[in-house]
Each structure stands twice: as structure tokens, then as C-alpha cells.
Amino acid sequence: MMDNFTPGPYAAELAAAGIPEEMHDWLGQYGVGALVVKMGIHFLEMSPERTVATMPVEGNTQVAGILHGGAHVVLAETLGSFAAGMHAGPNRQALGIEVGATHHRAISEGTVTGTCTAIHLGRTLATHEIVMTDENGRRLSTARITNLIRDIAP
């Protein structure tokens with residue numbers, strides 16, 4: 001159990017990723033995950049209904065020099081999973097059961113912004129649509145993720 005005076009082991013990681021302080025108790029013992037750190041994902045907004053983050057193209061490209069399609073999906077799944085986890089609440093967890101993406105446009109430099117919007121927030125399922133755009137607001141890809149929500153076993 002954390003108190004209000006002792007930061008969790010991931011306090012610096014959470015701050016660097018843009019996680020609001022009021023969420024540090026929730027994520028303080030887990031961090032944002034090694035892949036989120038490696039991809040350079042930085043959160044701008046966080047709620048079950050809408051979660052927004054950015055990711056650099058540099059370091060996340062495929063051999064042809066464009067953003068890797070899997071990087072789009074990593075950003076989408078990260079946003080959808082965090083949003084579903086917030087919706088699930090204490091003593092519950094969100095588990096991804098389906099994710100899919102359509103790629104519309106390539107990008108070779110700059111920053112990608114992912115905007116995750118809730119489609120359905122139910123008791124046992126949460127579904128989100130995630131739209132990735134470039135710095136000019138052009139749609140790069142569209143993804144959808146569904147998470148199963150269940151109680152954490154005691």
C-alpha cells in the first residue's frame with residue numbers, strides 16, 4: 001500500500017509519460033510498461049471516454065523508413081487498454097480480446113497523435129475507436145479494440 005508521501009518505484013516513469021499525478025496511486029507499482037517507454041508514448045489526456053497520446057515516428061519505423069504498422073497498433077492498444085482500465089475501476093481489470101487496424105496513409109517523420117474514443121463502456125466489455133493522425137491532422141490509421149472487464153481474483 002502506498003502512502004501520500006512515498007512515491008512508487010515508477011514515479012519518474014509515470015511523470016515522463018505524462019500520467020496525471022492523481023493516477024499515480026493506480027499505476028505507481030506497475031508503471032506504464034516497458035513497451036510504452038520504448039515507443040516514446042506520451043499521454044496528453046486520460047479518461048475512460050477519451051484518452052490522447054503522442055508517439056514519435058523516429059525509432060518506430062520499418063525498413064522502408066515509414067512508421068511501422070505494428071507501431072500504430074501498439075499506440076492504439078495502449079490507449080484503448082488504459083481507457084478500459086480506468087473504466088473498469090478498482091479491483092477490476094481490462095483484458096484485450098480483439099484489436100484491428102486499417103492503415104490509410106504513411107508517415108516518415110514527425111509525431112503521431114492517437115485519440116481514443118469510447119464506443120461502448122459496459123460492465124463486462126469496453127470498446128474504443130482509436131484514430132492516429134499526423135501533425136497536420138491527416139488520418140494515418142483507424143483502430144478498434146475491445147477489452148473484457150473482469151474482477152481481479154482475491
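**A buried phenylalanine and its ring partners**

Phe43 is buried, at just 2% relative accessible area (buried means under 20%, exposed over 50%, partly exposed in between, with a 1.4 Å probe and protein chains only). Keep in mind that this is a predicted model, where local features need pLDDT of at least 70, side-chain atom pairs count only at pLDDT 80 or more, and totals for chains, interfaces and linings use all residues. Residues are numbered from 1 along each chain as its sequence is written, and side-chain values use heavy atoms, with hydrogens and water left out.

**The aromatic cluster**

- Ring pairs tie Trp26, Phe43 and Phe82 into a cluster, and the count of aromatic pairs comes to 2 (rings of Phe, Tyr and Trp, the last by its six-membered ring, pair if their centres lie within 6.5 Å; planes under 30 degrees apart are stacked, over 60 edge-to-face, the rest tilted).
- Trp26 and Phe82 have ring centres 6.3 Å apart and planes at 80°, so this pair is edge-to-face.
- That pair joins distant parts of the chain, with Trp26 in helix α2 (residues 24-27) and Phe82 in helix α4 (residues 69-88), 56 residues apart.
- Trp26 is partly exposed at 36% relative accessibility, while Phe82 is buried at 12%.
- Phe43 and Phe82 have ring centres 5.0 Å apart and planes at 50°, so call this one tilted.
- Here too distant parts of the chain are linked: Phe43 sits in strand β1 (residues 42-45) and Phe82 in helix α4, 39 residues apart.

**Fold layout**

- The protein has 4 helices and 6 strands (DSSP runs numbered from the N terminus: H or I of at least four residues for helices, E of at least two for strands).
- Reading from the N terminus, the order is α-α-α-β-β-α-β-β-β-β.
- Of the contacts between residues at least 6 apart in sequence, 59% join residues at least 24 apart (a contact means heavy atoms within 4.5 Å).

**Size and surface**

- The radius of gyration is 16 Å, which agrees with the value near 15 Å for a compact globule of 154 residues (taken over C-alpha atoms; the globule rule is 2.2 Å times the number of residues to the power 0.38).
- Along the principal axes, the C-alpha atoms fill a box of roughly 45 × 35 × 25 Å.
- Buried residues account for 38% of the 154.
- About 8,400 Å² is exposed, 53% of it supplied by carbon and sulfur atoms (Shrake-Rupley method, 1.4 Å probe).
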